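Thanks for coming, everyone. I have one model to walk through today. Please have a look at it first.

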Amino acid sequence: MDALKLKGMLIGDDDTKAWWRTSPSISKGGRSITAQQPLMVLIAGGGLAGLIAASAAHAKGMKVALFEQASSYAPYGGPIQIQSNALHAIQNINPVLYDELVEAGTCTADRVSGLKIGYRKGNKLAGLYDAGDWLVRFDTIGPALEKGLPATVVVDRPVIQQILVKHGFPKGTVRIQSRIVSYEDLGEGRGVCATLEDGTKAYANVLIGADGIWSQ
């Protein structure tokens, strides 16, 4: 496999020694969460939702492992428009992520935002809409200006993924070719055990499902 595609991924000795491979000894009722013993989090799915969840968990001091079923982060997917409220959330998670996204993207929606109809519709009683008429307009400028943010930023999906993998969390957080197929709640605060497609077990306090509508 191309070494560039594996950059930052969990492979080799780091994989065999990964923290999540060891079942923690947790007494009935759970344990205290401290800086020395942080919350341990597994995330199923390495798309944008999983990557953002991993970045947010890491920013809060949690120990994170992310499992993505694809063999690499391939350069596919079109542009995504990120509104100012989402930009503000990303800025709160990690200012570096915000700066990188703004630098990589194109600022848009600096005039009028809303929804237009593409065809003639309606009647005299309910009202007629001609093609190109506004159905609704909304303010994207005001909330952005209040927080000193762009109204929206458009960034290609592969670029967003690269930025999140590079700046959102430590190297070795993401394990590719790893699909979680089932899990077991160990009960009474003792955490969770997730099973990967190849039979590998992963242990943590919490499991987050971010692997889409076909999630197990």
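I will go through a sheet, a helix, a hairpin, the salt bridges, a surface patch and two loop residues. One thing up front: this is a predicted model.

Start with the sheet. It is open and has three strands, in the order β3-β9-β4. The pairing is antiparallel. Which strands stand at the edges? Those are β3, residues 79-83, and β4, residues 106-108. Each has a single partner strand, so one side of each is left without a neighbour in the sheet. From one strand to the next, the twist averages 35°.

Now the pairing of β3 with β9. Strand β9 covers residues 152-156. Five bridges join these two strands. For a register point, take Q81: it stands opposite V154 in β9.

Next, what lies across this pair? Helix α6 does, residues 157-167. It lies across β3 and β9, and runs at about 90° to β9. Which residues of α6 are buried? They are P158, I160, Q161, I163, L164 and V165. Note that Q161 is on that list. These buried residues pack against α2, β3, α4 and β9. Helix α4 here is residues 95-104. So much for the sheet and its helix.

On to the hairpin. Strand β12, residues 192-196, pairs with strand β13, residues 201-204. They run antiparallel, with four bridges between them. A194 has A202 in β13 as its bridge partner. The hairpin has four residues between the strands. In this hairpin, G199 takes a positive phi near 95°. That is one to look at if you check backbone torsions.

Now the charges. How many salt bridges does a search of the whole structure find? Five. Let me take them by region.

First, the network. D15, R21 and R175 are linked in a network of salt bridges. The D15 and R21 side chains meet at 3.1 Å, N to O. D15 counts as buried because its relative accessibility is 11%, and the cut-off is under 20%. R21 is at 28%, so R21 counts as partly exposed. R175 is in strand β10, residues 174-175. Is R175 buried or exposed? Buried, because its relative accessible area is 9%. What does R175 touch, leaving out residues up to four places away in sequence? The list is L10, D15, W20, R21, L66, F67, E68, L196, D198 and T200. So D15 and R21 turn up again, this time as contacts of R175.

Second, R179 and E197. They form a salt bridge, with the closest N and O atoms 3.8 Å apart. The pair links distant parts of the chain, 18 residues apart. R179 sits in the loop between β10 and β11, and β11 is residues 180-185. E197 sits in the loop between β12 and β13. R179 has 27% relative accessibility and counts as partly exposed. E197 is at 57%, so E197 counts as exposed.

Third, R190 and E188. Their side chains meet in a salt bridge at 3.4 Å, N to O. R190 is partly exposed, at 32% relative accessibility. E188 is partly exposed too, at 45%.

Now the surface. There is a nonpolar patch made of L115, Y129, L135, V136 and F138. Together they have about 440 Å² of accessible area. Which element gives the largest share? Strand β8, residues 134-138, with three residues of the patch. Y129 comes from strand β7, residues 127-129. At 33% relative accessibility, Y129 counts as partly exposed.

Last, two loop residues. K60 is in the loop between α2, residues 48-59, and β2, residues 63-67. K60 counts as exposed, at 68% relative accessibility. How far apart are K60 and I93? In sequence, 33 residues; in space, 8.4 Å, C-alpha to C-alpha.

A35 lies in the loop between α1, residues 12-16, and β1, residues 40-44. A35 is at 71% relative accessibility, so A35 counts as exposed. Its C-alpha is 8.6 Å from that of M62, and the two are 27 residues apart along the chain.

That is the tour. Over to you.

Notes: Residues are numbered from 1 along each chain as its sequence is written. This is a predicted model: local features need pLDDT of at least 70, side-chain atom pairs count only at pLDDT 80 or more; totals for chains, interfaces and linings use all residues. Side-chain values use heavy atoms; hydrogens and water are left out. Patches are made of residues with over 30% relative accessible area and no salt bridge: like charges are joined within 9 Å, nonpolar side chains (Val, Leu, Ile, Met, Phe, Trp, Tyr) within 5 Å. Accessible areas come from the Shrake-Rupley method with a 1.4 Å probe; for residues, only the protein chains shown count as cover. A salt bridge is a side-chain nitrogen of Lys or Arg within 4 Å of a carboxyl oxygen of Asp or Glu. Buried means under 20% relative accessible area, exposed over 50%, partly exposed in between (1.4 Å probe, protein chains only). Two strands pair if DSSP finds at least two bridges between them. Axes are lines fitted to C-alpha atoms, for helices over the stretch in contact, and angles run from 0 to 180 degrees between N-to-C directions. Contact means heavy atoms within 4.5 Å.
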